[in-house]
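Trainee: Please take one part of this model and go through it closely. I would like to see how that part fits with the rest of the chain.

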Amino acid sequence: MSPRHHLTLLLQAIGGWGVFWLAGWPSYYQQYSVITMAIASILLSVVISLAAIVVLRGGRDDTRRKRAFWLSVYFTLPFAALDALYCGWYLGHGADFLFRYWYLSIFYVTPWLTFLPTAVLLGPRSARL
């Protein structure tokens with residue numbers, strides 16, 4: 001991947017975090033019940049899984065696993081870093097933010113459990129035909 005593509009993914013991730021941050025106002029989703037957040041997390045996981053198929057199905061077979069890796073990196077690490085800055089430092093929760101905001105923390109892991117296996121399961125295009 002080119003440096004420009006890396007920068008594009010990083011900016012997309014930061015923008016995505018910003019959208020989620022704004023959508024969580026006023027209390028970064030703490031105003032909702034545990035059940036509501038669990039259902040929202042499940043629905044978001046389904047959307048991410050479908051997006052993984054769409055995004056990884058296109059492009060060259062020889063780069064699919066690399067793209068899955070980089071998508072996992074850029075859609076977990078910046079989110080975790082920005083949440084740590086906002087929830088851990090700015091809001092003063094420290095490392096406890098990982099448990100207090102569990103509905104965010106699960107998404108520091110799930111892209112890795114979605115994109116990489118999806119890339120493997122899609123296999124080469126010739127095997128799918």
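Mentor: The chain has 8 helices and 0 strands. Along the sequence the pattern is therefore one helix after another, α-α-α-α-α-α-α-α. This is a predicted model, and every value below is computed from it. Its C-alpha atoms fill a box of roughly 50 × 35 × 20 Å along the principal axes. The chain has 129 residues, of which 32% count as buried. Taking contacts between residues at least 6 apart in sequence, 72% join residues at least 24 apart.

The part to look at is helix α2, together with the loop that leads into it. Helix α2 covers residues 34-57. It contains 24 residues, and the distance from its first C-alpha to its last is 34 Å. That is close to the 34 Å expected at 1.5 Å a residue.

Which residues of α2 are buried? They are M37, S41, A52 and L56. These buried residues pack against three other helices: α3, α6 (102-105) and α7 (110-122).

Take S41 as one example. Its relative accessibility is 7%, and the cut-off for buried is under 20%, so S41 counts as buried. Leaving aside residues up to four places away in sequence, S41 touches W102, Y103, I106 and F107.

Now go to the two ends of the helix. After α2 comes G59, which has a positive phi, near 85°. Before α2 is the loop between α1 and α2, where P26 is found. The peptide bond from W25 to P26 is cis, and its omega is near 5°.

Y28 is found in that loop between α1 and α2 as well. Its phi is near 50°, which is a positive value in a residue other than glycine. Y28 has a relative accessibility of 2%, so it counts as buried. Y29 also has its place in the loop between α1 and α2. Although Y29 is not a glycine, its phi is positive, about 75°. With a relative accessible area of 12%, Y29 is buried.

The helices on either side of α2 in the sequence can be taken as a pair. Two packed helices are described by the angle between their axes and the distance between the axes. Here helix α1 spans residues 3-23 and helix α3 spans residues 64-74. Their axes come within 9 Å and cross at roughly 40°. An angle under 35 degrees would count as roughly parallel, and roughly perpendicular begins at 65, so α1 and α3 are oblique to each other. The crossing of α1 with α3 is right-handed.

Which residues make this contact? From α1 come H6, L9, L10 and A13, and from α3 come W70, L71 and Y74. By class, the contact of α1 with α3 has 6 nonpolar residues, 1 polar residue and no charged residues.

To put the part back together: the loop between α1 and α2 holds P26, Y28 and Y29. Helix α2 then runs over residues 34-57, and its buried residues pack against α3, α6 and α7. G59, with its positive phi, follows α2. Beyond α2 itself, α1 and α3 meet through H6, L9, L10 and A13 on one side and W70, L71 and Y74 on the other.

Definitions and conventions
Residues numbered from 1 in each chain as written. Predicted model: local features only at pLDDT ≥ 70, side-chain atom pairs only at ≥ 80, totals over all residues. Heavy atoms only, no water. Helix = DSSP H or I, 4+ residues; strand = E, 2+ residues; numbered from the N terminus. Buried < 20%, exposed > 50% of the residue type's maximum accessible area, 1.4 Å probe, protein only. Contact = heavy atoms within 4.5 Å. Axes fitted to C-alpha atoms, helices over the stretch in contact; angles between N-to-C directions. Parallel < 35°, antiparallel > 145°, perpendicular 65-115°, else oblique. Left-handed = near helix turned anticlockwise from the far one by under 90°. Nonpolar A, V, L, I, M, F, W, Y, C, P; charged D, E, K, R; others polar. Expected span 1.5 Å × (residues − 1).
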